[in-house]
Every structure is written in structure tokens, then in C-alpha cells.
Amino acid sequence: MKTALITGANKSIGFEAARQLLQNGYTVYLGSRDLQKGQQAAQQLYAEGLTQVEPLQLDVTNSASIAAARQALGQKTQALDVLINNAGILGGMMQPPLGTSIGTIREVFDTNVFGVIEVTQAFIDLLRQSPAPRIVNVTSGLGSLTLHNDPSWKYYPVKGAAYQPSKAALNAYTIMLAYELRDTPFKVNAVDPGYTATDFNHHSGPGSVTDAAARVVKAALIGPDGPTSQFFSDDNAPETGVSPW
Ligand code: NAP
């Protein structure tokens, strides 16, 4: 049976991605920084008949937590087929480049960039044991540098000093990682789930978590001939589904 680890999966898009991967027959390790919340989320899936789910305490900003999660997972499985780096924070609604504190910017980068890198490095050996490993970095359409320089883009005024640069950095890491793994069966992609109603934005987004998670899961299920090093965004590119970086 195939295995998947999702960070920040106790609620919202990560939780729904867990549900959809379970429905696809995966065993899902449900990452949650608060173990109790992870247990409750797993119980909810269990009650739906999706029983191949296990909570895993994992705070992506805490090296000891990442190391403990890696050790715990190594005792449960020999191989990891899918890693979804989903955990992310916004860092507040207003982030003017000249008025956002360095502390806020560091906090956002800690979760959205450094957390992804540390988790990926920690679990890469388990992923290498899979015949078809997939890494999905959950980014945002707001991470597109090309579109941020296009005044006709619908999100052109949605600028910020922490979140947008963090997702641009995550996109950069995705390209670098995909390159390092280019001659392997790995597929490494960045996926924008779309502007979605979750706690993240006080439920202001128009999209559903079902559709958002489906975009993420689609990249997790990419076949051997599928793309790597892509930035998927239906929101930024409704016709092609592939956003400019
Ligand atoms: P959400 O409702 O705020 O959920 C975020 C999840 O990440 C929660 O499970 C949260 O755990 C977890 N998390 C935060 N910091 C963490 C840490 N240090 N370690 C482990 N888990 C942590 O957000 P969402 O809307 O589902 O967003 C998921 C991803 O999609 C994020 O990467 C976000 O940037 C991206 N995204 C969202 C939208 C949107 O419109 N919603 C649009 C584009 C991209 P707690 O419950 O403990 O806080």
C-alpha cells in the first residue's frame, strides 16, 4: 500500500488532501503540530470508514519535532511515496514592505520556507525508497514574481513583505530540488490550491477545500510521464493550469 505524509493536515486543505488520498487507497500519516488536534482529525476520518490514517506530531518549525517524526515514521514504514508540504501561515493581512517587522517576516519564512526544506531533507531517505516518489509543495498564486510585475494581473495590488516572498522562495526551492532529483523517478512540483475559504483567510476565499485539495492531490498522483518542476495554478492560468514563476 502506498504511503503519504502531509504537514498541517489537522484541518482545512491539508485535512481534505488526507481524506482524498485515503479515498485513493493511500495510508496517510497526518501531520499536526498539536497531536491532540491530529488525533481528533484522524478520528473523524476513521469514523468515515477511512481507517488507514495515523496522526503524527510534526511542527515544521521545530527541528526536534521533525527528527522525532522521522524516527517514528521509520518504525511504521520502509518507504514514503508522497510528501505534501502543506503547512503554511499568512503572517497577518497587512504586510507593507516598509512597515512589516523582521520578526513577522522571519516567522513566515520559518514555516513556509525553512520548515519545508527541513522536513524535505529529513524525509528524503524514506522517499528514495519509493519506486515513484512525489513531493508537492503547497504554494500560492501570490508567489509568482512574473505576475507581480504585471499590472493587468487580478492580484497585482495584493503585495506583501512576508507571505508573497516566502512563497516565491518556496517556488525557487521547488525548482532547485526538482533539478537535484532530475535523473530519478521523483516528481517535484509546486501547487497553488487557489483562493479558498479556510481559517487562513477568515473564510474569505471563494473556493472550496474540496477543489483546493483536489489540485494538491492531483500533483501527488502524477504518473511516471507527468511533469516535474512545475508551478500549477488554475487560478493564475485557467487555460493551461501552469503559472509563470
Ligand atoms: P489553515 O486553514 O490556516 O491551515 C494551516 C494548517 O497548517 C493547520 O493545520 C496549521 O496547524 C498548520 N500549521 C501552521 N503552522 C505549522 C507548523 N509550524 N507546523 C505544522 N503545522 C503548521 O490554512 P489553509 O488554507 O489550509 O492553507 C494550507 C496551505 O495552502 C498553506 O501553505 C497556504 O499558504 C496555502 N494556500 C492557501 C490558500 C487559501 O486561500 N486558503 C491560497 C493559496 C495557498 P494549526 O491548526 O495547529 O494552526
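**Ligand shell and salt bridges**

User: How many residues surround the ligand, and which are the closest?
Analyst: This is a predicted model, with pLDDT of at least 70 needed for local features and 80 or more for side-chain atom pairs, while totals for chains, interfaces and linings use all residues. Numbering runs from 1 along each chain as its sequence is written, and side-chain values use heavy atoms, leaving out hydrogens and water. A residue is counted as near if one of its heavy atoms lies within 4 Å of the ligand. That gives 30 residues, the closest being S12, R33, Y163, T196 and T198.

User: What is the nonpolar, polar and charged split of that shell?
Analyst: Ala, Val, Leu, Ile, Met, Phe, Trp, Tyr, Cys and Pro go in as nonpolar, Asp, Glu, Lys and Arg as charged, and the others, Gly among them, as polar. Sorted that way, the shell has ten nonpolar, 13 polar and seven charged residues.

User: Which helices each supply at least two shell residues?
Analyst: Helices here are DSSP runs of H or I with at least four residues, and strands are E runs of at least two, numbered from the N terminus. The two that qualify are α1 (12-23) and α6 (163-180).

User: How far is the polar side-chain atom of Y163 from a ligand oxygen atom?
Analyst: I'd call it a polar contact, meaning N or O atoms within 3.5 Å. For N10, an N or O side-chain atom is 2.8 Å from a ligand oxygen, and for N201 a polar side-chain atom is 3.0 Å from one. For Y163, the distance is 2.7 Å.

User: What share of the ligand's exposed area does the protein bury?
Analyst: Areas come from Shrake-Rupley with a 1.4 Å probe. Taken alone, the ligand exposes 910 Å², and the buried share is 94%.

User: Which residue forms a salt bridge with K11?
Analyst: A salt bridge needs a Lys or Arg side-chain nitrogen within 4 Å of an Asp or Glu carboxyl oxygen, and this structure holds seven. K11 has its closest N and O atoms 2.9 Å apart from its partner's. The partner sits 188 residues away, in the loop between β6 (187-191) and α7 (209-220), and is D199.

User: Is E16 buried or exposed?
Analyst: E16 meets R19 in a salt bridge at 2.5 Å, N to O, and E16, R19 and E48 are linked in a network. Buried means under 20% relative accessible area, exposed over 50%, and partly exposed in between (1.4 Å probe, protein chains only). R19 is at 17%. Because E16 is at 8%, E16 counts as buried.

Definitions and conventions: Polar contact = N/O pair within 3.5 Å; in protein donor to acceptor, adjacent residues only side chain to side chain.
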